[in-house]
Amino acid sequence: MAKKLYVGNLSFGTTEDGLKQIFEQHGEVTSVKIITDSMSGKSRGFGFVEMENADAAIEALNNQQYDGRTLTVNVAREKSEGGSRSGGGGFRGGRGGDRGGHGGSRGGDRREQRW
């Protein structure tokens, strides 16, 4: 059964074909995907390789030099539900810059507080 591997610390010039070639030396590669920035299209420095003999590839390639960088290779974790980028309306957790309006003296009503 094929396992999905996380490959980190990739050079920004690393290609999917190049990555496939080094992993094919350790087993049959099912797929290769280098993650890119959605705006610029440039590599984000990590990717995923799906392959049959994953344990041998981890053993052989983790902490090895490739394209001038020391690779990090391990079994990929499943994407967690409700990731850090989902929901909430984006910036500032969807509150739109609201600072609450309580506390601190900013002028205005200066009545003495009643207990």
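Student: Which residues do ring pairs link into a cluster?

Tutor: Ring pairs join Tyr6, Phe46 and Phe48 into a cluster, where rings of Phe, Tyr and Trp (its six-membered ring) pair if their centres lie within 6.5 Å, and planes under 30 degrees apart count as stacked, over 60 as edge-to-face and the rest as tilted. Before going further, note that this is a predicted model, in which local features need pLDDT of at least 70 and side-chain atom pairs count only at pLDDT 80 or more, while totals for chains, interfaces and linings use all residues. Residues are numbered from 1 along each chain as its sequence is written, and side-chain values use heavy atoms, with hydrogens and water left out.

Student: How many aromatic pairs does the structure hold?

Tutor: The structure holds three aromatic pairs. One of them is Tyr6 with Phe48, an edge-to-face pair at 6.1 Å centre to centre with 65 degrees between the planes. This pair links distant parts of the chain, since Tyr6 is in strand β1 and Phe48 is in strand β3 (residues 43–51), 42 residues apart; helices (H or I, at least four residues) and strands (E, at least two) are DSSP runs, numbered from the N terminus.

Student: And why is the pair of Phe46 and Phe48 edge-to-face?

Tutor: The ring centres of Phe46 and Phe48 are 6.1 Å apart and their planes stand at 90 degrees, so the pair is edge-to-face.

Student: What lies over the face of Phe48?

Tutor: Lys4 does, at 5.3 Å from the ring centre; a charge sits over a ring if NZ of Lys or CZ of Arg is within 6 Å of the ring centre and within 35 degrees of the ring normal.

Student: Sticking with Tyr6, what is it in contact with?

Tutor: Leaving aside neighbours within four places in sequence, Tyr6 is in contact (heavy atoms within 4.5 Å) with Phe46, Gly47, Phe48, Thr72, Val73, Asn74, Val75 and Ala76. For Tyr6 and Thr72, the C-alpha to C-alpha distance is 7.7 Å, although they are 66 residues apart in sequence. Tyr6 is partly exposed, with a relative accessible area of 27%, and Phe48 is partly exposed as well, at 21%; buried means under 20% relative accessible area, exposed over 50%, and partly exposed in between (1.4 Å probe, protein chains only).

Student: Switching to charges, how many salt bridges are there?

Tutor: A search of the whole structure finds two salt bridges, each being a side-chain nitrogen of Lys or Arg within 4 Å of a carboxyl oxygen of Asp or Glu. Asp55 pairs with Lys3, with 3.3 Å between the closest N and O atoms. That pair links distant parts of the chain, with Asp55 in helix α2 (residues 54–61) and Lys3 in strand β1 (residues 3–8), 52 residues apart.

Student: Are those two exposed or buried?

Tutor: Asp55 counts as exposed because its relative accessibility is 51%, whereas Lys3, at 34%, counts as partly exposed.

Student: Where does the salt bridge of Glu24 and Lys20 lie?

Tutor: Both residues lie in helix α1 (residues 16–24), four residues apart, which is about one turn of the helix. Their closest N and O atoms are 3.9 Å apart, and Glu24 is partly exposed at 42% relative accessibility, as is Lys20 at 33%.

Student: OK, now the interior: how many residues has the largest nonpolar core?

Tutor: The largest nonpolar core has 18 residues, and those with the most contacts inside it are Leu5, Val7, Leu19, Phe23, Val49, Met51 and Val73; such a core is a set of buried Ala, Val, Leu, Ile, Met, Phe, Trp, Tyr and Cys residues joined through side-chain atoms within 4.5 Å. Two or more residues come from each of β1, α1, β2 (29–36), β3 and α2, and α2 gives the most, with four residues.

Student: What does Phe23 contact?

Tutor: Apart from neighbours within four places in sequence, Phe23 is in contact with Leu5, Val7, Val29, Val49, Met51, Ala57, Leu61 and Val73.

Student: One more residue: is Ser11 buried or exposed?

Tutor: Ser11 is buried, with a relative accessible area of 15%, and is found in the loop between β1 and α1. Not counting residues up to four places away in sequence, Ser11 touches Ser43, Asp67 and Arg69.

Student: Lastly, what pattern does the chain follow?

Tutor: Read along the sequence, the pattern is β-α-β-β-α-β-β-β, which comes to two helices and six strands. Buried residues make up 24% of the 115 residues in the chain.
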